[in-house]
Amino acid sequence: MAMMGTTICAVKRGGHIAIAGDGQVTMGENTIFKSSARKVRRLYNGQVVVGFAGSVADAFSLCERFEEKLTQCGGNLERAAVNLAQDWRGDQVARKLESMMIVADRDSLLVLSGTGEVIDPDDGVCAIGSGGNYALAAARALVQNTNLSAEDIAVKALEVAASICVFTNDHITVETL
């Protein structure tokens with residue numbers, strides 16, 4: 001039985017990037033397996049933040065692969081993301097991994113999709129996971145209509161998603177750059 005269920009939201013605003021994630025891990029469709037998982041982490045000596053959603057084992061595997069690519073690319077986020085995407089698409093095993101990641105350094109914010117794509121969001125706002133669309137809508141509204149910080153917007157967007165999505169909870173972890 002697959003373990004999944006999470007929401008990750010990232011906001012780039014005012015020279016800062018924040019990535020927030022909830023802590024819920026769901027087993028199947030009806031059991032909360034864990035409520036305090038940490039799905040937002042710092043990599044590469046704290047210079048890169050990654051948030052992951054999807055199957056837990058697949059997400060850990062991709063996170064480890066991404067960290068290896070960062071090391072191989074000397075911390076160059078874009079090059080590491082593209083190299084991971086190429087491996088993801090070309091590797092028979094990796095192609096079957098059911099996960100997505102948001103990665104960021106001080107300058108860039110990218111979504112690495114489950115199909116091996118690298119996406120740079122147009123408006124500096126992105127979200128993934130089961131409550132991703134709810135968090136994305138909330139974050140975009142807050143960016144357009146408030147002066148809140150990137151961190152405050154990411155957290156509030158996760159709170160909105162948690163109030164709507166049964167696979168998202170309000171145990172929120174946030175990392176900023």
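This note goes through two sheets of a predicted model, together with the helices that lie on them.

1. The four-stranded sheet. One sheet in this predicted model is open and has four strands in the order β11-β2-β3-β12, with antiparallel pairing. Its edge strands are β11, residues 125-129, and β12, and each of these pairs on one side only. From one strand to the next, the twist averages 10°. As a reminder for reading such a sheet, strands pair through backbone hydrogen bonds, and they may do so in a parallel or an antiparallel way.

2. The pairs within that sheet. Strands β2 and β3 are antiparallel and pair over six bridges, and within this pair V11 stands opposite A18 of β3. The two strands form a hairpin with two residues between them, where G14 takes a positive phi near 60°. On the other side of β3, four antiparallel bridges link β3 with β12, which spans residues 173-176, and here A20 stands opposite V174 of β12. Strand β2 is also joined to β11, by five bridges and again in the antiparallel sense, with A127 of β11 as the bridge partner of C9.

3. How covered is β3, and how many of its residues are buried? Strand β3 is mostly covered, since five of its six residues count as buried, that is, they have under 20% relative accessible area. Part of the surroundings of β3, which covers residues 16-21, is helix α4, whose buried residues pack against β3 as well as against β2 and α3.

4. Helix α4. This helix runs over residues 150-164, and its 15 residues reach 22 Å from the first C-alpha to the last, which is close to the 21 Å expected at 1.5 Å a residue. The buried residues of α4 are A150, I153, A154, A157, L158 and A161. Why do they lie on the same side of α4? They do so because the arc they cover around the axis is only 135°. That buried set packs against β2 (7-13), β3 and α3 (132-145), so a student following the chain in the viewer can look for these three elements beside it.

5. Helix α3. With 14 residues, α3 reaches 20 Å from its first C-alpha to its last, close to the 20 Å expected at 1.5 Å a residue. Buried in α3 are G132, A135, L136, A138, A139 and L142, and what covers them includes β2, β11 and α4. The contact between the two helices therefore appears from both sides, as α3 is among the elements against which the buried residues of α4 pack.

6. The five-stranded sheet. A further open sheet has five strands in the order β6-β7-β8-β9-β10, and its pairing is antiparallel. The edge strands here are β6 (40-43) and β10 (118-119), each of which pairs on one side only. Helix α2, residues 77-90, lies across β7 (48-54), β8, β9 and β10, and its direction runs at about 5° to that of β9.

7. Strand β9 and its neighbours. Strand β8 (residues 99-104) and strand β9 (residues 109-112) are antiparallel and pair over four bridges, forming a hairpin with four residues between them. In this pair I102 stands opposite V111 of β9, while A104 stands opposite L109. Strand β9 is also joined to β10 by two bridges, with the two strands running antiparallel, and L112 stands opposite V118 of β10.

8. Which way do the side chains of β9 point, and are they buried or exposed? In a regular strand, side chains alternate between the two faces of the sheet. In β9, L109 and V111 point one way and L110 and L112 the other, and all of them are buried.

9. A separate detail at T26. This residue lies in strand β4, residues 25-27, and it counts as buried because its relative accessibility is 3%, which is under the 20% cut-off. The side chains of T26 and Q24 are joined by a polar contact of 3.3 Å.

Technical notes: Residues are numbered from 1 along each chain as its sequence is written. This is a predicted model: local features need pLDDT of at least 70, side-chain atom pairs count only at pLDDT 80 or more; totals for chains, interfaces and linings use all residues. Side-chain values use heavy atoms; hydrogens and water are left out. Two strands pair if DSSP finds at least two bridges between them. Contact means heavy atoms within 4.5 Å. Axes are lines fitted to C-alpha atoms, for helices over the stretch in contact, and angles run from 0 to 180 degrees between N-to-C directions. The expected span of a helix is 1.5 Å times one less than its number of residues. Buried means under 20% relative accessible area, exposed over 50%, partly exposed in between (1.4 Å probe, protein chains only). The arc is that of the directions from the helix axis to the C-beta atoms. A polar contact is a pair of N or O atoms within 3.5 Å; within protein, one must be able to donate a hydrogen and the other to accept it, and residues adjacent in sequence count only if both atoms are side-chain atoms.
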